[in-house]
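User: Got a model here and I'd like to go through some of its labels with you. Can you walk me through them?

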Amino acid sequence: SADESLQRERIKTLLKAHNATLVAHYYTEDSLQALAEETGGCVADSLEMARFGAASPSSTLVVAGVRFMGETAKMLSPDKRVLMPTLEATCSLDIGCPAPEFSAFCDAHPDRTVVVYANTSAEVKARADWVVTSAIAEDVVAHLHARGERIIWAPDKHLGRFVQSRTGADMLMWEGACIVHEEFKARGIEDMLRVYPQAAVLVHPESPQAVVDLADVAGSTSQLINAARKMTQDTLIVATDRGIFYKMQQAVPDKLLIEAPTGGNGATCRSCAHCPWMAMNSLDKLELCLEEGLGAIEVDDAIRRRALVGLERMLTFRN
Ligand code: CIZ
Ligand code: SF4
């Protein structure tokens with residue numbers, strides 16, 4: 001609309017005035033992803049967001065995503081101002097893994113290497129030997145397993161089980177889950193495959209085992225977008241947050257993308273393929289945060305220094 005295009009222009013002016021770069025996650029709304037692209041920022045998964053933010057020459061990073069992404073950006077770029085359109089956007093994995101309980105769990109198994117998913121608080125990262133995202137979890141765990149290390153994995157039990165099955169590593173799991181991905185239903189996908197028998201199934205491994213078992217490709221968001229390009233099928237059933245369709249459709253403009261079913265038979269679900277916390281980000285909140293300097297992320301320095309150990313291992317990891 002005309003209003004929205006005026007708003008986009010105002011935000012572009014604000015970004016320039018603040019020497020700010022906008023980094024948006026694949027699961028945020030299309031308007032934010034489009035604006036990040038148009039203004040020289042980036043649209044990415046959490047690993048690439050972290051790399052891009054750290055390499056950016058801007059003095060301010062605006063992170064459209066959920067809180068752990070802003071914290072990671074701040075920890076990697078302590079001298080930059082890191083703003084978020086909303087500080088309320090959390091993640092069920094972060095909520096389900098409180099630092100004191102997690103720390104006690106680690107203390108009870110001192111012989112294990114602690115590997116945590118990026119979807120955790122700065123405090124939990126500070127307790128970890130390694131931080132990983134879904135894009136490199138399997139490679140890192142395979143590397144540790146080959147060195148004979150036994151692992152504590154937290155917090156996503158589905159991703160942990162997926163990585164365990166691929167690597168054969170000895171992994172003690174924390175029992176967390178993503179409220180978006182755990183809603184995908186194998187039965188619903190099987191029904192859909194009867195309607196679209198030629199379709200390929202693309203699944204994010206935060207999904208339940210039965211859903212991953214139906215996948216032609218299971219992988220992180222960036223891996224799924226790359227896989228979409230390579231698939232010979234022209235219909236793709238996609239089990240991850242539907243925000244990914246913005247970039248995936250750009251990558252494969254001629255393919256039909258279909259959201260994998262969540263609740264079977266019209267049953268209600270809590271999230272229906274879209275993360276409620278990612279959805280808290282909007283152009284309105286972005287404009288406000290730039291105008292008023294709201295939503296600044298701060299991380300305690302001692303926590304940051306400890307969390308950086310695992311984060312830097314992730315960023316410098318090469319197979
Ligand atoms: O589900 C998420 O929050 C994901 C996929 C994060 C990421 O690694 O980009
Ligand atoms: Fe967390 Fe799931 Fe939302 Fe990602 S999609 S931020 S894992 S709740």
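Analyst: Sure, let's start with N19, which sits in the loop between α1 and β1 (20-25); helices (H or I, at least four residues) and strands (E, at least two) are DSSP runs, numbered from the N terminus. This is a predicted model, where local features need pLDDT of at least 70, side-chain atom pairs count only at pLDDT 80 or more, and totals for chains, interfaces and linings use all residues. Residues are numbered from 1 along each chain as its sequence is written, while chains are lettered from A and ligands numbered from 1 in the order in which they are written.

User: Why is N19 called exposed?

Analyst: N19 has 12 other C-beta atoms within 10 Å. With C-beta atoms placed from the backbone, 12 or fewer means exposed, 20 or more buried, and in between partly exposed, so N19 is exposed. Its phi is positive, about 50 degrees, although N19 is not a glycine.

User: And A273, buried or exposed?

Analyst: Buried, because A273 has 21 C-beta neighbours inside 10 Å. A273 is also not a glycine, yet has a positive phi of about 60 degrees. You'll find A273 in the loop between β12 (256-259) and α14.

User: What makes α1 roughly parallel to α14?

Analyst: Helix α1 (residues 2-17) and helix α14 (residues 283-292) pack at about 30 degrees, axes 10 Å apart. Axes are lines fitted to C-alpha atoms, for helices over the stretch in contact, and angles run from 0 to 180 degrees between N-to-C directions. Angles under 35 degrees count as roughly parallel, over 145 as roughly antiparallel, 65 to 115 as roughly perpendicular and the rest as oblique, so α1 is roughly parallel to α14.
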